[in-house]
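Visitor: I am new to this structure and would like to learn how to read it. Could you take me through it feature by feature?

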Amino acid sequence: MSQVAENNEIERAEKKRLASSSQFLSFTLGNEEYGVDILSVQEIRSWEPVSRIPNVPSYEKGVVNLRGAIVPIIDLRERFHLGHGHYSALTVVMVLQAMIGNKTRVMGVVVDAVSNVIDVDKKSVQSAPNFGSKVSTEYINGLITVNGRMVMLLDVNKLLKLDGVDDDEN
Amino acid sequence: MSIDMAQFHQVFFEESFEGLDIMESGLLNLSPGEPDSEAINSIFRAAHSIKGGSGTFGFTEISDFTHVMETLMDEMRDGRRQITQAAVNLLLGSVDCLREMLFAVKEGQAIDAERVAEHKHALDLEQQKSGSSQQDKSLSAHEPLSNQAHQSDSKVIGWHIAFSPHTDLLKTGNDPVRMFRELSVLGELEVTADFRGVPDFYQLDPEECHLSWNLVLKGDIDRAPIDEAFAWVEDDCDLAIQPLYQADDLSLLVPGAENQVSANRAQHPAAEHVVQAGVSKPAEISTPVVIKEKAPGDEAKNKGSTSIRVDTSKIDTLINMVGELVITQSMLSLIGEHFDMSKQDQLKNGLAQLERHTRELQESVMNIRMMPINSVFSRFSRLVHDLSNKLGKKIDLKLIGEHTEVDKTVVELISDPLVHLVRNSLDHGIEMPDERVAVGKPETGTVTLEAYHRGGNIVIEVSDDGKGLDKDRLRAKAIEKGLLDEDAILTDKQTFELIFMPGFSTAEQLTDISGRGVGMDVVRRNIQALGGNIEIISELGKGSTISIHLPLTLAILDGQSIAVGDETYIVPLGSIIESLHIKEERINRVADKGETFLLRSEYLPIIRMHEIFKVPNVKTTKLSEGLLVVVEGQGVRCGLFVDDLLGQQQVVIKSLEANYRRIEGVSGATILGDGSVALILDIPGLVRLANQ
């Protein structure tokens, strides 16, 4: 009997913890560290050559064949104006998915390296400071400190919106 | 135990809407005076299941309404009622009304009671009046009196019910005792059992029901609750419900099961009330109308388009093929296990087999998506029926080749353009009956919808025998609208094509049916978006034919791969006219920029692929070192300057927009043999891009 009660107790505590916290996958771009909700990460792949798409912003690198689906790849360094990265076999592509409108969109995001899975207590998330027009914080959901380093938590749904495609939907 | 009925609502609504479609198309196929038992039966069945379902879910308004329709159709089915155009129109109207009711219930809105009452009243009237009209037409002494007529008499003091269940009634879980108990709540019930049907003890199967009953239910009772009590067993019994009147001698009205038919033969007035359910025997009822049996197979019409229903045989083929593929695969892996050069021939054979199976598999998978164009065609019967009434014209719709199979996507997308074309034919093409007679044509005009395969295309033709297009008027109109120069010389074909220009409408009067000037150009654009084209042939006074050519499937395309720099693109083979080397002397420049190529006395604009797509590392920018692919799209010809031609192949079209965005000049993407992605070019889009 007491065993069952104890189990229930543990379960309840677990649930409570899950409700107030969530897990993020952190990755680096240059010297900066970012995080995305781990549930939006579909898979992690290594960089492979893309088919270039004509007449699109330069951070949209092109499309790849992901098991029969055509998936665009965007370079986050370029999107965040952090300069060009050098692509090698060690470069990582995170395949993210998000609901945009009422459709699921899958997109690959090029990052320098994936570092860790971090548990984030929702209470410890700070909102992003406002830099005015100097620094755009539109993709940033909040900030959190992990091991003394600042990690910027990104809003995947906003991140996967493309210029010129989803503007009119809003 | 309570069951949440709401979970079944969705299914009920889906089925009911499907049922309404069946009723609609069935009604349209009924020709007055010539009852087709199969068609009426299918309408009846649909109505019946809507009634049953709505009763179960407690949508009483719907079940009551359907009941009135059902009664009317039941009489038609048994041949006791002549099928008149008026009755069919009335039933069609009721189908619409029913659809609105269902929709209202589905959306949780209130049913428009006024409209329902109006329709119900019209149905009641029809039921009463048709008796006399039938009498006029037939010499039969048959005297139908409708239920409603009796009901309105209001001196009903009770009901006599002859209930003789079929032997398997008990096996379906129905218990007569429970039904009688239900009836006894309504009024004073007298039950007399009839033992005559009970067999010898040794032949008796205790699970079968051999009894029949005569019930007399006294009191001022409506018929509806009585029907309800029997609603579930209607198909499993012979049931006769007759009202009792003050003056009626009860002893006359106690017929056994056999007496029903004889009562029918004797043309007793009460025969009208025999609800023949389950085994109806139309032949035994003396009627002036001939029942035509329709060949089976025609009934599989009108399938919904939200999901695909696949023929089991298609799936069987598929399974066989997958089996073959697995065998080939295991054969190949066996060869690969201990491979040496002596097995090279075996390997080659195996690979050839693999290729064949893969191709076959691909074909049969594509085949699953194919559905008969009928699902589009069948909705035109209603359109033509309604519009010809509205316009006061007499029009026959002929459907040819409605079993032609097309890709589901095409079926979905072709519907709207076709509606437009058919409306045009009805409104502008076919003349008024008196005009037609005046020019020596039959009073009734014909609009034909035809579908057939030609090559890798499906051709859909909409033709009418109306007045045709007036070339002079088209021309005058185009000049007036400023779409054409006064001195332009046009071929017949070019003149007809004027109607596809935006903002062109020759209709003198704008009707709410067509002629708003936003028509044919949209139709043409939609069809071109599907990769097809549209042509018009017309002869003044004789009629016009509009033919639409569409690719059979939108998922696979014959493509030519071209190389530009390190990149590969696919050009749809259908839009390529020819490919050639460029000779320097044939290049002319306009204002030193726009390059043209002289091909058979035609100056083709040259589109440099590497420029408009900003391709890096091109092999050459010198025109004479590359190739020119002459392409045509939306009537515009141009030359694409590319590095090289690679090869022809069938490509599977993948959407770029699913995860990404629309790219000007690109219609989609495909995956090449090496797994990389190549873009499929959209010629009209490229031309637009080049002009920017």
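Visitor: Let me begin with a small detail: which residue in β23(B) is the bridge partner of I570(B)?

Guide: The partner of I570(B) is I680(B). Bear in mind that this is a predicted model. As a general idea, strands of a sheet pair through backbone hydrogen bonds, either parallel or antiparallel. Here, β14(B), residues 567–572, runs parallel to β23(B), and two bridges join them.

Visitor: In what order do the strands of that sheet lie?

Guide: The order is β21-β13-β14-β23-β22 in chain B, an open sheet of five strands with mixed pairing. β21(B), residues 644–652, and β22(B) each have a single partner strand, so they stand at the edges with one side lacking a neighbour in the sheet. From one strand to the next, the twist averages 35°.

Visitor: Which strands of chain B help to form the side that touches chain A?

Guide: Let us start with the whole contact: 16 residues of chain B meet 18 residues of chain A. On the chain B side, β22, residues 666–671, and β23, residues 677–681, each supply at least two residues. That side of chain B has eight nonpolar, three polar and five charged residues.

Visitor: How many helices and strands does chain B have?

Guide: Chain B has 19 helices and 23 strands. Its length is 692 residues, of which 32% count as buried. If you take the contacts in chain B with a separation of 6 or more, 69% are between residues 24 or more positions apart.

Visitor: Now the helices, please. At what angle do α2(B) and α3(B) pack?

Guide: The angle is about 160°, and the axes of α2(B), residues 37–56, and α3(B), residues 60–77, are 9 Å apart. An angle over 145 degrees counts as roughly antiparallel, and α2(B) and α3(B) are therefore roughly antiparallel to each other. The crossing of the two is left-handed. Among the residues that meet are I40(B), F44(B) and K51(B) from α2(B), with I62(B), M69(B) and R77(B) from α3(B). By class, this contact of α2(B) with α3(B) has nine nonpolar, eight polar and four charged residues.

Visitor: α3(B) also has α4(B) as a partner. At what angle do α3(B) and α4(B) cross?

Guide: They cross at roughly 165°, and their axes come within 10 Å; α4(B) covers residues 85–106. α3(B) and α4(B) are therefore roughly antiparallel to each other, and their crossing is left-handed. On the α3(B) side, the contact includes F65(B), M69(B) and L72(B), while α4(B) brings L91(B), L98(B) and V105(B), among others. This contact of α3(B) with α4(B) divides into nine nonpolar, two polar and one charged residue. You may recognise I62(B), T66(B) and M69(B) in it, as they also take part in the contact with α2(B).

Visitor: How do I read a single residue? Is F12(B) buried or exposed?

Guide: The idea is to count the C-beta atoms around a residue: 20 or more within 10 Å make it buried. F12(B) has 21 such neighbours, so it counts as buried. F12(B) sits in α1(B), residues 6–29. Apart from residues up to four places away in sequence, F12(B) touches G53(B) and F57(B). The C-alpha atoms of F12(B) and S54(B) are separated by 8.0 Å, although 42 residues lie along the chain from one to the other.

Visitor: And K122(A), is that residue buried or exposed?

Guide: K122(A) has 11 other C-beta atoms within 10 Å, so it is exposed. Look for K122(A) in the loop between β8(A), residues 113–121, and β9(A), residues 140–146. Leaving out neighbours within four places in sequence, K122(A) is in contact with S20(A) and S21(A). From K122(A) to I144(A), the C-alpha distance is 9.5 Å, and the two are 22 residues apart in sequence.

Visitor: What do β1(A) and β2(A) form?

Guide: They form a hairpin with two residues between them, and G30(A) in the turn has a positive phi of about 60°. β1(A), residues 21–29, and β2(A), residues 32–37, pair in the antiparallel sense over six bridges. Opposite L29(A) stands E32(A) of β2(A). β2(A) is also joined by three bridges to β10(A), residues 149–154, in a parallel run, where E33(A) stands opposite V151(A).

Notes. Residues are numbered from 1 along each chain as its sequence is written. Chains are lettered from A and ligands numbered from 1 in the order in which they are written. This is a predicted model: local features need pLDDT of at least 70, side-chain atom pairs count only at pLDDT 80 or more; totals for chains, interfaces and linings use all residues. Two residues are in contact if their C-beta atoms, placed from the backbone, lie within 7 Å. Helices (H or I, at least four residues) and strands (E, at least two) are DSSP runs, numbered from the N terminus. Ala, Val, Leu, Ile, Met, Phe, Trp, Tyr, Cys and Pro count as nonpolar, Asp, Glu, Lys and Arg as charged, and the others, Gly among them, as polar. Axes are lines fitted to C-alpha atoms, for helices over the stretch in contact, and angles run from 0 to 180 degrees between N-to-C directions. Angles under 35 degrees count as roughly parallel, over 145 as roughly antiparallel, 65 to 115 as roughly perpendicular and the rest as oblique. A crossing is left-handed if the near helix is turned anticlockwise from the far one by less than a right angle, and right-handed if clockwise. Two strands pair if DSSP finds at least two bridges between them. A residue is buried if 20 or more other C-beta atoms lie within 10 Å of its own, exposed if 12 or fewer, and partly exposed in between; C-beta atoms are placed from the backbone.
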